[in-house]
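Visitor: I am new to this protein and would be grateful for a guided introduction.
Guide: Certainly; please look at the sequence and the structure first.

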Amino acid sequence: MERHWMKNTALLGLATLVLAGCGDDVGKVSLGLFTTKDVVIDARQDPKVPGVTCHISRVEADLSLADPSDMSISCRQTGPILAAQIATIDKSKNGEVVFSSSLSVLFKTLKVRRIYDAGSQTLMYLSYSTKETSGSHKHSLSTVPLYGTEAWQSVATAPSGN
C-alpha cells in the first residue's frame, strides 16, 4: 500500500511540474479567414524568478502539418526580483531551460533558456526551436536588467589617485 501511495505521489509531483511550465493563453489572433493558423500569445512566469514574466508569441496551426518555427519573446519585470532568487539560478554560459512546449507532430519543441550575464547583471531569455528549419534555427532574445531591483549588486568604486 505504501509503495502505491509513493508512486501516486511521484506522478502527482511530475504532473504539477508539467503544469507549472504551462502558460496562460493571453491572446489569439487568426491569420485569416481561409486558414486554420493563429498567432497564440502565452504568458509564462519564470519558475525561479517569479518577478519576471515572458510573453511568447508563436504560430499554432490546427489540423496542419505546417512547420511552426517562428516565435517571438518579450520578458519584463512584473514583480520583485530578489538576490536570493538570483543565487539559485544556473549561471553557466548555457544557462538553464525554464520553459518547454511541444510545437507540432513533427517532434519540434519550443524552449526558453535563461542565461545570466554577470557583467551587466541582466537575465537573458532565449526562445528557440529544437528542430532546424530551412537551414537555420529560429530564435528570439529578450533581456531583463536587474538594475533597480533588490538583486542588483552595486560595483564598488575604486579609490581615486588624487
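The questions and answers below go from the overall layout to single residues.

Guide: This is a predicted model, in which local features need pLDDT of at least 70 and side-chain atom pairs count only at pLDDT 80 or more, while totals for chains, interfaces and linings use all residues. Residues are numbered from 1 along each chain as its sequence is written, and side-chain values use heavy atoms, with hydrogens and water left out.

Visitor: Which pattern do the helices and strands follow along the sequence?
Guide: Helices (H or I, at least four residues) and strands (E, at least two) are DSSP runs, numbered from the N terminus. The protein has two helices and eight strands. Read along the sequence, they give the pattern α-β-β-β-β-α-β-β-β-β.

Visitor: In what order do the strands of the sheet that contains S1 stand?
Guide: Two strands pair if DSSP finds at least two bridges between them. S2 (residues 37-45) and S3 are antiparallel and joined by nine bridges; alanine 43, for instance, stands opposite histidine 55 in S3. The open sheet is made of four strands with antiparallel pairing, in the order S1-S2-S3-S4.

Visitor: Why is one side of S1 and of S4 left without a neighbour in the sheet?
Guide: Strand S1 (24-30) and S4 stand at the edges of this sheet. One side of each is left without a neighbour there because each has a single partner strand.

Visitor: In what order do the strands of the sheet that contains S5 stand?
Guide: S6 and S7 pair in the antiparallel sense over eight bridges, with methionine 124 in S7 as the bridge partner of isoleucine 115. S7 and S8 also run antiparallel, joined by seven bridges. The four strands form an open sheet in the order S5-S6-S7-S8.

Visitor: Which strands stand at the edges of that sheet?
Guide: An edge strand here has a single partner strand, so one of its sides is left without a neighbour in the sheet. The strands in this position are S5 and S8.

Visitor: What share of the residues is buried?
Guide: Buried means under 20% relative accessible area, exposed over 50%, and partly exposed in between (1.4 Å probe, protein chains only). The protein has 162 residues, and the buried share of them is 32%.

Visitor: Which residues have the most contacts inside the largest nonpolar core?
Guide: A nonpolar core is a set of buried Ala, Val, Leu, Ile, Met, Phe, Trp, Tyr and Cys residues joined through side-chain atoms within 4.5 Å. The largest one has 20 residues. The elements that give two or more residues to this core are strands S3 (52-61), S4 (71-77), S5 (96-102), S6 (109-117) and S7 (122-129). The residues with the most contacts inside the core are Val52, Ile81, Ile86, Leu123 and Tyr125.

Visitor: Which side chains of S8 point to the face where they are buried?
Guide: In a regular strand the side chains alternate between the two faces of the sheet. Along S8, His139, Leu141, Thr143 and Pro145 point to one face and are not buried. Those that point to the other face and are buried are Ser140, Ser142 and Val144.

Visitor: Which backbone nitrogen does the side chain of serine 142 reach?
Guide: Serine 142 is found in strand S8 (residues 139-145) and is buried, with a relative accessible area of 7%. Tyrosine 125 stands opposite serine 142. At 2.8 Å, the side chain of serine 142 reaches the backbone nitrogen of cysteine 75.

Visitor: Which side chains have a polar contact with the side chain of arginine 114?
Guide: A polar contact is a pair of N or O atoms within 3.5 Å; within protein, one must be able to donate a hydrogen and the other to accept it, and residues adjacent in sequence count only if both atoms are side-chain atoms. Arginine 114 is found in strand S6 and counts as buried at 1% relative accessibility. One polar contact, of 2.6 Å, joins its side chain to that of glutamate 96. Another, of 2.7 Å, joins the side chain of arginine 114 to that of aspartate 46.

Visitor: What is the phi of glutamine 121?
Guide: Glutamine 121 lies in the loop between S6 and S7 and is buried, with a relative accessible area of 6%. Although glutamine 121 is not a glycine, its phi is positive, at about 50 degrees.
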